[in-house]
Amino acid sequence: MVQIVGFNVAKTMKFLSTLPQAGTFAIAYGSGVYQQLGQSTKGKMVDLILVVDNPASWHSDNLRLNPDHYSFLRHLGPSRLTDIQRKFGAKLYFNPMVDYDDMSFKYGVIHMDDFLCDLLEWEDLYVAGRLHKPVYYLNTKFSNRVASALSKNLRSAVLAALLILPPEFSEEMLFKTIAGISYSGDVRMTFGEDQNKVSNIVEAQMPAFRELYGPTLDTMKDWLEFCNRRAIFEQDITPAAKFHHLNLLPSNVSEGLTEIYKSRKMGGSIEDCEDAILAAAHDPDARDILLWRMSEIVKKSSAGQAVKGACTAGARKALSYGGQKVLKWLTSVRRTSRCRAPVIRSFSASTQPEKKIDGKDALPPAEYRQIFPEFLPNPRLDWRNKLREKLERADMLQRRKHIEIPEFYVGTIMAVVVSDPHAPGKSS
């Protein structure tokens with residue numbers, strides 16, 4: 001087991017003992033638990049998720065034990081607090097910046113049913129997304145149903161990452177793609193969060209990611225192989241493999257794909273989820289549509305949770321907590337602005353040494369052809385012209401039947417040939 005440096009488990013357990021205990025298990029996560037690149041866990045707020053069987057009863061007990069943990073909303077009573085928790089945002093009720101001993105905590109309460117639903121169906125991709133990264137389970141005794149849901153969530157993350165990644169990719173690219181799923185579309189990434197967060201998490205926690213995903217990757221050897229000599233993964237990208245992966249994605253993702261294919265791509269030829277998955281397995285654009293669908297899930301839940309969080313925290317805590325986030329965001333923006341060359345951002349983009357072309361900085365990363373297929377459609381589906389894309393792709397594929405080229409775009413000049421039968425020295 002990977003050792004955690006700086007996280008005080010004993011004090012955290014002592015803090016948990018001050019909260020209601022009935023039907024609760026706790027998960028610690030975030031930068032206060034696992035160190036991020038260039039940062040220390042010392043002095044960081046510890047994030048906790050408390051999964052409870054009866055939120056109304058839990059809040060009732062906690063209001064009696066710790067009324068000062070709540071904002072003005074405590075006057076609404078436990079029943080209304082539970083409604084706010086379950087009907088808005090990502091179905092968590094957070095109490096941030098709770099000081100205990102010499103530590104600071106932020107704990108979020110979620111109903112067991114909502115917890116399992118997010119893990120299995122990716123209804124909000126909020127708790128599920130946080131559990132895509134290494135976390136610390138403070139209560140290791142949970143039911144088989146919970147254990148199964150935790151395992152399925154990790155497998156879903158790997159399947160989604162494989163559908164995003166190119167045929168060959170590094171271990172770091174895999175984990176960055178997985179870690180980035182829950183940040184795509186997150187409103188905090190626009191303003192209020194470290195812009196290098198995904199890289200900072202993965203690069204500092206590679207051993208923990210290997211330990212977390214090792215058992216899942218071992219079960220996927222029919223579709224994925226690790227080449228020790230080249231230190232890269234090689235995956236099967238045939239339509240059959242993609243169909244397998246798509247078919248096992250959480251229902252909120254697959255149902256969303258079905259609606260997209262019904263309304264925007266295939267008209268009336270798509271009647272059910274199986275038709276949509278089959279179409280996606282053969283569609284070169286499926287990667288972009290999958291990314292868009294997952295980002296929409298995250299955007300909706302994160303926006304709602306951000307608004308709710310401002311209310312549950314109260315004005316003073318919200319301003320203080322928000323100020324810390326903005327400061328972190330500004331620091332990351334300044335750090336990023338020092339880079340000499342623009343970066344093409346992608347889930348699967350890995351850090352590569354800068355290259356020079358004719359003495360100038362090259363814009364694309366080294367794996368550009370693998371990250372982006374030879375024809376990249378407009379990511380805004382409503383701006384797409386399906387007929388033009390179909391004709392262009394057909395033309396490109398037809399040309400590749402006659403000449404093996406690594407990449408081709410409409411308008412590319414392959415060669416200039418001049419034929420002159422009267423040229424001097426011509427022998428035929």
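Helices in this report are DSSP runs of H or I with at least four residues, numbered from the N terminus. The model is predicted.

**Ala-56 and its surroundings**

By that numbering, Ala-56 belongs to helix 2, which covers residues 55-65. Ala-56 has a relative accessible area of 29%, so the residue counts as partly exposed. Leaving aside residues up to four places away in sequence, Ala-56 touches Pro-78 and Thr-82. Asp-83 lies 27 residues from Ala-56 in sequence, and the two C-alpha atoms are 8.8 Å apart in space.

**Salt bridges**

Side chains of opposite charge can pair when their charged atoms come close. The model has 14 salt bridges. The table gives three of them, including the N to O distance for each pair.

| Pair | N to O distance |
|---|---|
| Asp-101 and Lys-11 | 4.0 Å |
| Arg-210 and Glu-171 | 2.9 Å |
| Glu-234 and Arg-230 | 3.2 Å |

Asp-101 forms a salt bridge with Lys-11. This pair links distant parts of the chain, with the two positions 90 residues apart in numbering: Asp-101 sits in the loop between strand 3 (93-100) and strand 4 (103-111), while Lys-11 sits in helix 1 (residues 9-16). The pair also belongs to a network of salt bridges that links Lys-11, Asp-101 and Asp-102. Asp-101 has a relative accessible area of 56% and is therefore exposed. Lys-11, at 23% relative accessibility, counts as partly exposed.

Arg-210 forms a salt bridge with Glu-171. This pair, too, links distant parts of the chain: Arg-210 is in helix 9 (residues 206-218) and Glu-171 is in helix 7 (residues 171-181), 39 residues apart. Arg-210 is partly exposed, because its relative accessibility is 40%.

In the pair of Glu-234 and Arg-230, the side chains meet in a salt bridge. Glu-234 is partly exposed at a relative accessible area of 27%, and Arg-230 is partly exposed at 38%.

**The sheet of strands 6, 8 and 7**

Strands of a sheet pair through backbone hydrogen bonds, either parallel or antiparallel. Here, three strands form an open sheet in the order 6-8-7, and the pairing is antiparallel. Strand 6 (168-169) and strand 7 (224-227) are the edge strands, each pairing on one side only. Strand 6 and strand 8 (residues 232-235) run antiparallel and are joined by two bridges. Across this pairing, Phe-169 stands opposite Phe-233 in strand 8.

**Helix 9**

Helix 9, which carries Arg-210, has 13 residues. From its first C-alpha to its last, helix 9 reaches 17 Å, close to the 18 Å expected at 1.5 Å a residue. Where in helix 9 does a kink lie? The kink is at Leu-212, shortly before the proline Pro-215, and amounts to about 40 degrees.

Which residues of helix 9 are buried? They are Met-206, Ala-208, Phe-209, Tyr-213, Thr-216 and Leu-217. An α-helix has 3.6 residues a turn, so residues three or four places apart point the same way. The cover over the buried residues of helix 9 includes helix 6 (144-164), helix 7 and helix 8 (197-204). Strand 7 and strand 8 are also included in that cover. Helix 7 thus appears in two roles: among the elements covering the buried residues of helix 9, and as the element that holds Glu-171, the salt-bridge partner of Arg-210.

Conventions:
Residues numbered from 1 in each chain as written. Predicted model: local features only at pLDDT ≥ 70, side-chain atom pairs only at ≥ 80, totals over all residues. Heavy atoms only, no water. Buried < 20%, exposed > 50% of the residue type's maximum accessible area, 1.4 Å probe, protein only. Contact = heavy atoms within 4.5 Å. Pairing = 2+ DSSP bridges. Expected span 1.5 Å × (residues − 1). Bend = angle between axes of the 7 residues up to and from the residue.
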